[in-house]
Amino acid sequence: MLGRWLRSVSGAARACVRAPPARALQVPPRPAWQPGEQRPPPQQKVMLEVLDHLEHLALVDFRDSEGVERLQKAIQFADQLQEVNTDGVEPMDTVLEDRCLYLREDDVTEGNCTKELLKNAREKVEEYFVAPPGNIPLPKLEERDTFLQGS
Amino acid sequence: MAAAVVRGCGGLWRRARQCGAGGPVPHGQRAVASSATGGAVSAGKSGLAPWVPVVGLEIHAQISSNSKLFSGSQVQFAAPPNSLVSFFDASLPGTLPVLNRRCVEAAVMTGLALNCSINKKSLFDRKHYFYADLPAGYQITQQRVPIAVNGSLSYSLCTGKKMSQMVTKTVRIKQIQLEQDSGKSLHDDTRSQTLVDLNRAGVGLMEVVMEPDMCCGEEAAAAVRELQLILQTLGSSQAVMAEGQLRVDANVSVHHPGEPYGVRTEVKNINSIRFLAKAVDYEIQRQIEELENGGTILNETRAFDSKLGFMPEPNLPPLIVYDAKSLPANMNHQQVVNIDWIHERLPDLPSVKREKLVEQYGILPEHSFTLLNEEGLTEFYENVVKQTQMKPKKVIGWILNDLLSYLKQHSLTVKESPVSSFLLADLLNLLEKKDISSTAAKQVLAELWKGEGKTPLEIVKEKKLELIQDQKELEQICQAVIDGQENEVMAVKAGNQKVLNKLIGLVQRETQGRSNPVLVKQLLEKKLSE
């Protein structure tokens, strides 16, 4: 059953994928330029509100000014990408963009494995997973005493 | 209410007043001419500038499919917890999403029915947020380029003094996107924990975004009701709100005409259409009161919507749908969603069904709305019409006034009606043949309602409800009434026609409703002119 399914999937996939075009190597053998040569990267201070927002969203704790500094440097490093000339180039979301999105038949083929799934759960209550209560939101900026604790 | 002038909301927006027909209207005030946005405006407390409420909706409709959007787990309401969950739904590492073709077809169908442009190439994104019922930490959705955009939905409202005037309004559909549903959390505050059931996690949803073109709870409710009917007609969603298959979030704000839109708040967790109307109106009132008292409107839930937390879904290539022109020659059918093929097979939408009913049977537009609003009622009506000689225009009265009110009184659906279309048609035939009067017919219907298995004819015979066919007998009764009502007789002879009705009524009473009023009138007139 599984074998037949695999074969039908790859058959459909083969029908989808176009043969890669024969082209000359696009990537030059040696770097043609270095970032930072064109112009110095703009220095942008990370705003406090943005930091707070990030801490809420990603549940990270920047802890102290050194952490913020590291974030600053990371942003600067990523900003180098802005120097690349992308005029007339469509942004790429995924290396799969040339592939066909495989469409599955609307059949029930999975599920019914409650026991197996719950094996991984540290705690369970009558076949429910147990999680900590709700989403305890981080308190607002003014009320927090852990924000940038180390600085 | 000045129904002729009303284009937007049918009422006034002042403190502590409700919008829409049926709300109390202060004496001497009229709905003021529409504002630039089309919404009716009103005076705030004496002299203050009027308020324009603005309502937008985000509607999540569960796709009616056998399996989930990206996995082969079954879609079913109320199953044992975590029994309809695959490894992918539980977000175990190494699992990948595989798109369900049926879900794409449902979204295209819905987009076409709502006059949208279908994007032949649409993209999937990840929306990240932390919640116990979202095991992956992100939801796969279509934020950037959804499958359908720029549509419209037309809906109707009853306005006017007797709720008999129908007004048609349109709301723009911003987009329709495919996305995953989350699981369900049960909060156990006593033990400080959350219980998570992932049966619903990964079920396909169509999010329908309606632009803020509505101005009150009544409009929002009417728009959602029409959308619900459309989805049910298409079969793309069963849209039963009570089972969570249709969930509505309302975005509400108020502003003064000519000024920019106010801060909007979200009204969530609405589980019935009636509650939607109430909740929206309540929020509008609350905002107006708050602002008129010098306060401000706080928006607490919009953190979700920030531009942060989105990224393209790297595991899914763009979704391509085709039409007859763009379809490549050798493609496997199974891999193709063809917009034109789907378009050709769209069923008649509710608005078209209503038009056909009005045209075919000569009923009023309001009637067609009621027929479609009640599950099975149209079918019942058409069955009665088929089986009776009575004109459809007359039959509709019996369906809407008598049958439907009985059903509502006893909280029954049309399917559960103790009176079948066959029995009702039988009864209406007796009436049409003038074997019984309409008063008698109503009595028979009341008997039939008991569901004791008797036919209308049997009941008529049992209760002696037949119209008196014997002319002589009728003449005698008419004469007796005339003899007993000297004053009235003189009034009629003097030219007062209204009193004649009283005499007819007396004859009716004498005959216990078994006389044909038309015939009685003729006989009385003849006698009185002698």
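Biologist: How much area do chain A and chain B bury between them, and what percentage of it lies on carbon and sulfur atoms?

Modeller: The model is predicted, and the values that follow are computed from it. Chain A and chain B bury about 4,100 Å² between them, with 59% of that area on carbon and sulfur atoms. On the side of chain A, the residues that lose the most area to chain B are Leu101(A), Leu103(A) and Arg104(A); together they make up 19% of what that side buries.

Biologist: How many residues of each chain are in contact?

Modeller: Contact here means heavy atoms within 4.5 Å. By that rule, 41 residues of chain A touch 53 residues of chain B.

Biologist: How many salt bridges does the rule find across the interface, and which residues form a salt bridge?

Modeller: The rule finds one across the interface of chain A and chain B. Arg101(B) is paired with Glu105(A), and the closest N and O atoms are 2.9 Å apart.

Biologist: What is the strand order in the open sheet of four strands?

Modeller: The order is 2(A)-3(A)-10(B)-9(B), and the pairing is antiparallel. Strand 2 (124-125) of chain A and strand 9 (184-188) of chain B are the edge strands, each pairing on one side only. Within chain B, five bridges join strand 9 to strand 10 (residues 193-197), which run antiparallel. One example is Leu186(B), whose bridge partner in strand 10 is Leu195(B).

Biologist: Which residues stand opposite Val149(B) in the pairings of strand 7 of chain B?

Modeller: Val149(B) stands opposite Ser117(B), and its bridge partner in strand 8 of chain B is Gln175(B). Strand 3 (residues 117-118) of chain B is joined to strand 7 of chain B by two bridges, in the antiparallel sense. Strand 7 and strand 8 (residues 165-180) of chain B also pair antiparallel, over 11 bridges.

Biologist: How is empty space found, and how much of it lies in the second largest pocket?

Modeller: Rolling a probe the size of a water molecule over the atoms reveals where empty space remains. The second largest pocket holds about 1,500 Å³. Of the 43 residues that line this pocket, Arg225(B), Gln228(B), Leu229(B), Asn373(B) and Glu374(B) are the closest to its centre.

Biologist: Which element supplies the largest share of that lining, and what is its make-up by class?

Modeller: Helix 2 of chain B supplies the largest share of the lining of the second largest pocket, nine residues. Among the other elements of chain B that each supply at least two residues are strand 7 (148-159), helix 3 (273-292) and helix 8 (392-409). By class, the lining has 21 nonpolar, 11 polar and 11 charged residues.

Methods:
Residues are numbered from 1 along each chain as its sequence is written. Chains are lettered from A and ligands numbered from 1 in the order in which they are written. This is a predicted model: local features need pLDDT of at least 70, side-chain atom pairs count only at pLDDT 80 or more; totals for chains, interfaces and linings use all residues. Side-chain values use heavy atoms; hydrogens and water are left out. On a 1 Å grid over the protein atoms alone, a cavity is a set of points where a 1.4 Å probe fits but cannot get out, and a pocket is an open set with protein on both sides within 12 Å along at least five of seven lines; lining residues have an atom within 4 Å of a point. Grid points are joined across faces, edges and corners, and a volume is the space filled by probe spheres set on the points. Ala, Val, Leu, Ile, Met, Phe, Trp, Tyr, Cys and Pro count as nonpolar, Asp, Glu, Lys and Arg as charged, and the others, Gly among them, as polar. Two strands pair if DSSP finds at least two bridges between them. Buried area is the accessible area (1.4 Å probe) that two parts lose on being put together, summed over both. A salt bridge is a side-chain nitrogen of Lys or Arg within 4 Å of a carboxyl oxygen of Asp or Glu.
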